[in-house]
Each structure stands twice: as C-alpha cells, then as structure tokens.
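Here is a set of questions and answers about one protein chain. How does one decide which words apply to a structure?

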Amino acid sequence: MSPNLYIQEGALFIADAHDSSERSFFFDFLLHVKNNPPPQLFLMGDMFDLLVGNVRYGMDQYRPYIDLIDAIAERCEVYYFEGNHDFNLAKVFSHVTVVPIERQPLACNLPDGRTCLLLHGDKYGTLLNRCYTKAIRNPTLLSVLNVLDRLFSHAISKKIQNDQRKKNLCKKIEGFATQIQRKLSFYPKTEVIAEGHYHQNVDFTVSSVHYVNFSSFACNQSYFSVQSSPETHFASMQLRSCPSK
C-alpha cells in the first residue's frame, strides 16, 4: 500500500471523544484548535456518541460542532476517520476530508519518512463484527431507522445515547498486545500503525511494527501532537493546558 498522505510535524490527533451531554470537552478542544490551527487535524473516529449522516437527530444535536469543524477546515487540513458511532458523513461537512471505513487504513508518511497506517480501529474484527459494521452503514436501513426514530420522538437515538453513557469507556483490556498481534496479519505491511477505538493509550512494538493505540479523549482529555522525534511519533497533550480563548 503506497502512502498517499504526508503527516506534518505539529499535526494534532484526537480519538474517541464520545461527546454527549455529560462529556462536552470536545467542543472546548475544537475552540482551541480554531484559534490555534495546526497544520493538520486528524479526528480518529467516535467523536460523538451518535452522529450518522442519515439520521436527523444527531445532525441537529451536533450542528454547532459540525459548523465549528468545518470552520477549522477552512484554516487547516482536517481529516475525519469514520468510526462505529459516527459514519456516513461525506455529505455532512463542506471542507473536511472524510475517510470512511472502506478507505481505512489510510497509508501515510510520518515526518521521519516512516510509513504509517491510520484507521479508527473497528475494521478488522470477527466475522460477526464485520457483518454488523456493514449492516449499520446500509443507506436503506438507516433511512428506515431515521423515519422510525422521528415517528417515535427519537426514542431509538436516545436509547443508543443512554446506553453509551452507562459504558465504562476507560476499561483496560487484558492481554491487549496479544490481541493486536493476532490482528496484524489483516493489516497491510507498514512500519507504524496508529488507531483509536480501544481506548488503551499504549504503544509497543510487535512483529517489527510500532503499534500506537490512542487514548480516549473522553477518559482523560488527551490528544496527540506529531513529533519528528526518535522517542515518540505522537506526543500526548492535555486539554487543560489549552485555554479555549
């Protein structure tokens, strides 16, 4: 897989904000980025508990976020990697490069020249997971769900969001490195893999590949800045050090 994107030094990465009424730090982050635009911004999926292009409820609920992300995209490059809670977004934004699951992983070059694969992280699951992932993105099914959702006062969307609020997003996965090692055969050959989805905030080398799993912004308000450093490619940063004004 040939790299088709150069990741610039100073680019910002953020994953799994799972924004909701209880977790609204993501908007503060976006305000900071708008006022201090990096060369590139990478939104690595699951930025919201539920944002689907075909479903009106989430679109209306997150309209201020959508407009703010589009405004940022007029100041710097913005790449939105669709996750399992935010997808079918191609027509949602005017200036953002949306990367659907079909185009993930996206092959890139890091500032030091190493090849890197970027993806949300939900692509290479079990057969059941893959079937589910494909089904929930079916436009016809989503259109029907949208009609039913509106007919029943958005009960479906509200149920999904309420269920998300009960989840422990910061749970550590036992044997995570072993789990990733089993998955590596599904990924195209590369030197670095960077993804979200699992919320583990770890990086390690396995089978000669440097694997990075971003932390969930919902857990610790951490995001990452790309560095051309031998110590780390993605330096962790905290929202609390970034005033929004």
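The turns below set values against definitions.

Q: How do you know what kind of model this is, and how are residues numbered?
A: This is a predicted model, in which local features need pLDDT of at least 70, side-chain atom pairs count only at pLDDT 80 or more, and totals for chains, interfaces and linings use all residues. Residues are numbered from 1 along each chain as its sequence is written, and side-chain values use heavy atoms, with hydrogens and water left out.

Q: What makes a stretch of the chain a helix or a strand, and how many of each are there?
A: Helices (H or I, at least four residues) and strands (E, at least two) are DSSP runs, numbered from the N terminus. The chain has 8 helices and 13 strands.

Q: Why is the chain called as compact as a globular protein of its length?
A: The radius of gyration, taken over C-alpha atoms, is compared with the globule rule, which is 2.2 Å times the number of residues to the power 0.38. For 245 residues the rule gives 18 Å, and the chain has 17 Å, which is close, so the chain is as compact as a globular protein of that length. Along the principal axes, its C-alpha atoms fill a box of roughly 55 × 45 × 30 Å.

Q: Why is His 199 called buried or exposed?
A: Buried means under 20% relative accessible area, exposed over 50%, and partly exposed in between (1.4 Å probe, protein chains only). His 199 has a relative accessible area of 10%, so it is buried. This residue is found in the loop between strand 9 (192-195) and strand 10 (202-206). Over the whole chain, buried residues make up 49% of the 245 residues.

Q: What is His 199 in contact with, leaving aside its neighbours within four places in sequence?
A: Contact means heavy atoms within 4.5 Å. By that rule, and with those neighbours left aside, His 199 is in contact with Asp 16, His 18, Leu 169, Asn 213, Phe 214 and Ser 216.

Q: What makes the link between the side chains of His 199 and Asp 16 a polar contact?
A: A polar contact is a pair of N or O atoms within 3.5 Å; within protein, one must be able to donate a hydrogen and the other to accept it, and residues adjacent in sequence count only if both atoms are side-chain atoms. The side chains of His 199 and Asp 16 are joined by such a contact of 3.2 Å.

Q: What is to be noted about the phi of His 199 and of His 18?
A: Most residues other than glycine have a negative phi, and most peptide bonds are trans. His 199 is not a glycine, but has a positive phi of about 65°. His 18 is not a glycine either, and its phi is positive at about 45°. The peptide bond from Gln 104 to Pro 105 is cis, with omega near 0°. Pro 105 is found in the loop between strand 6 (97-99) and strand 7 (106-109).

Q: How do you know whether His 18 and Ser 20 are buried or exposed?
A: His 18 has 2% relative accessibility, so it counts as buried. Ser 20 has 5%, so it counts as buried too. His 18 is found in the loop between strand 1 and helix 1 (25-35), and Ser 20 is placed in the loop between strand 1 and helix 1. Not counting residues up to four places away in sequence, Ser 20 touches Asp 49, Tyr 62 and Arg 165.

Q: Why is Gln 8 not called buried?
A: Its relative accessible area is 28%, so Gln 8 is partly exposed. Gln 8 is found in the segment before strand 1 (12-14). Gln 8 and Asn 109 are 101 residues apart in sequence, with 8.8 Å between their C-alpha atoms.

Q: Why does Leu 68 count as it does, buried or exposed?
A: Leu 68 has 7% relative accessibility, so it counts as buried. This residue lies in helix 3, where the buried residues include Tyr 65, Ile 66 and Leu 68. The cover over the buried residues of helix 3 includes helix 1 and strand 2 (40-43). Leu 68 touches Phe 27, Leu 30, Leu 31 and Lys 34, not counting residues up to four places away in sequence.
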